[in-house]
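Student: I have a protein to look at for class. Can we go through it together?
Tutor: Yes, put it up and ask as you go.

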Amino acid sequence: MRNTVVVTGASAGIGLAIAERFARARWQVAILARGEARLQEAARQLEAYGVPVLAIPCDVADAKAVDAAADRVQAEFGGIDAWVNNAMSTVVAPAHEITAEEYQRVTATTYFSQIYGTLAALRVMKAQERRRGRGAIIQISSGLAFRSAPLQAAYCGAKAAVGGFTDSLRAELIAEGSPIRLSVVYLPGVNTPQPTWARNRTGHAQVIPDPLFDPRLCAEAAFSAVGSGEREIWVGRSTLMMALAQAVAPGFADRKAAGMKDAQQGAPMPPREGNLDTPAPGSARIDGPSRDRVIPTRHEFVTRSQVDLLKAGALAGLLLAGAVARGALKRVGRHGRM
């Protein structure tokens, strides 16, 4: 029996890259997205890998639609082994110019969609626990979840909420001894079509500042999370630096983030409604318009376990240095009394 993965927001960009990575590994793949034409195009691309593909048009901000999609995957593929919550939306504008309705929509597609996907996956995975063993649920988040950037208030707030929900649920699963694992993958700036589709009222094209990474690196991290069950994975050097700066010197991080306001604004352009309420036109493609700036690595990510080892090593080094210093002071003291 093949393993089965469900990927939301999978008709383009990072979601399509993730679906492609699982297809290359011979998994059955179910892809969810709103735009049916692009979704079917993505399905044809994935079918080229010789694996069963199920394309389900679905607005992931609709809990009933997500539940129905999970039921269909279970009925047609026999179960769900991994679920990747990747769908998102954003409004590029100053925080005070984003309307209440826009905040609600971004939160629904970027945060509530992860809740709905997680609950649907849990329901199926718990029902099949004895028959198929453990399952994996992967939340695709962002470095902007812990170090927010200007012009992205709605998106940053929604992504920050994902971690709180996931940590709470993970503790519950541990308490009940469940084999189902939860992972959060934090992403850097990535070259996807999203900046050309997002609602934008800045008067300028959105530019993702350097360093800019390949969506396939993000796919490798998500695939790795399913296999390893790592609690968290940080993708790209910039994500790790953002996390460290926010933890160690948040005031300094605020000032650095302020410089991102101008760095995100490119050539002048009129306001764009984008894909917030309806799918934007465009083909099923992984890459965005800035391939010339992309760092080509497929392996630049670190796990929570690796970070914890670094912390332990650093602490051990400090303790050793302290012990050596105390020993030296004692020797100096003895010589001073002789």
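Student: Which residue just after α1 takes a positive phi?
Tutor: Arg26 does, with a phi of about 75°. Keep in mind that this is a predicted model.

Student: And α1, how far apart are its end C-alpha atoms?
Tutor: They are 17 Å apart. Helix α1 covers residues 13-24, and at 1.5 Å a residue its 12 residues should span 16 Å, so the two values agree.

Student: How many of the residues of α1 are buried?
Tutor: 10 of the 12 are buried, so α1 is largely enclosed by the rest of the structure. Among them are Gly13, Leu16, Ile18, Arg21 and Phe22.

Student: Arg21 is charged, right? What does its charged end sit over?
Tutor: The charged end of Arg21 sits over the ring of Phe223, 3.9 Å from the ring centre. Phe223 also forms one aromatic cluster with Phe22 and Trp27. There is another such placement at Arg38, whose charged end lies over the ring of Trp197, 4.2 Å from its centre.

Student: How many aromatic pairs does the structure hold?
Tutor: Six. One of them is formed by Phe146 and Tyr186. That pair is tilted, with 5.0 Å centre to centre and 50° between the planes.

Student: What does that pair tie together?
Tutor: Phe146 is in the loop between β6 (136-142) and α6 (153-175), while Tyr186 is in strand β7 (residues 181-187), so the pair ties together parts that are 40 residues apart in sequence.

Student: Tyr186, buried or exposed?
Tutor: Tyr186 counts as buried, because its relative accessibility is 7% and the cut-off is under 20%. Phe146 is partly exposed, at 23%.

Student: Which other ring pairs with Tyr186?
Tutor: Trp234 does, and that pair is stacked: the centres are 6.4 Å apart and the planes differ by 20°. Trp234 lies in strand β11 (residues 232-235), 48 residues from Tyr186, so this is a link between distant parts of the chain. Trp234 is buried as well, with a relative accessible area of 7%.

Student: New topic. How many residues are in the largest nonpolar core?
Tutor: It has 42 residues, and Ile18, Ile31 and Val185 have the most contacts inside it. Apart from that core lies another, of 30 residues, including Ala69, Tyr111, Ala120 and Leu182.

Student: What does Val185 touch?
Tutor: Leaving out residues up to four places away in sequence, its contacts include Ile138, Ile140, Ala221, Ala225, Ile233 and Val235.

Student: Why would nonpolar side chains be buried together?
Tutor: I can only give you the general tendency: in soluble globular proteins, nonpolar side chains tend to be buried together.

Student: Where does Arg216 lie?
Tutor: In helix α8, residues 215-228. Arg216 counts as buried, at 19% relative accessibility. Not counting residues up to four places away in sequence, Arg216 touches Ala17, Glu20, Ile286, Asp287 and Arg298.

Student: Last one, the overall picture. How many helices and strands?
Tutor: There are 12 helices and 14 strands. The protein has 338 residues, and 49% of them are buried. Of the contacts between residues at least 6 apart in sequence, 80% join residues at least 24 apart. The accessible surface comes to about 15300 Å², with 58% of it belonging to carbon and sulfur atoms.

Key
Residues numbered from 1 in each chain as written. Predicted model: local features only at pLDDT ≥ 70, side-chain atom pairs only at ≥ 80, totals over all residues. Heavy atoms only, no water. Core = buried A, V, L, I, M, F, W, Y, C linked by side-chain atoms within 4.5 Å. Buried < 20%, exposed > 50% of the residue type's maximum accessible area, 1.4 Å probe, protein only. Contact = heavy atoms within 4.5 Å. Phe/Tyr/Trp six-rings, centres within 6.5 Å; stacked < 30°, edge-to-face > 60°. Helix = DSSP H or I, 4+ residues; strand = E, 2+ residues; numbered from the N terminus. Lys NZ or Arg CZ within 6 Å of the ring centre and 35° of its normal. Areas by Shrake-Rupley, 256 points an atom, 1.4 Å probe, with all protein chains shown as cover. Expected span 1.5 Å × (residues − 1).
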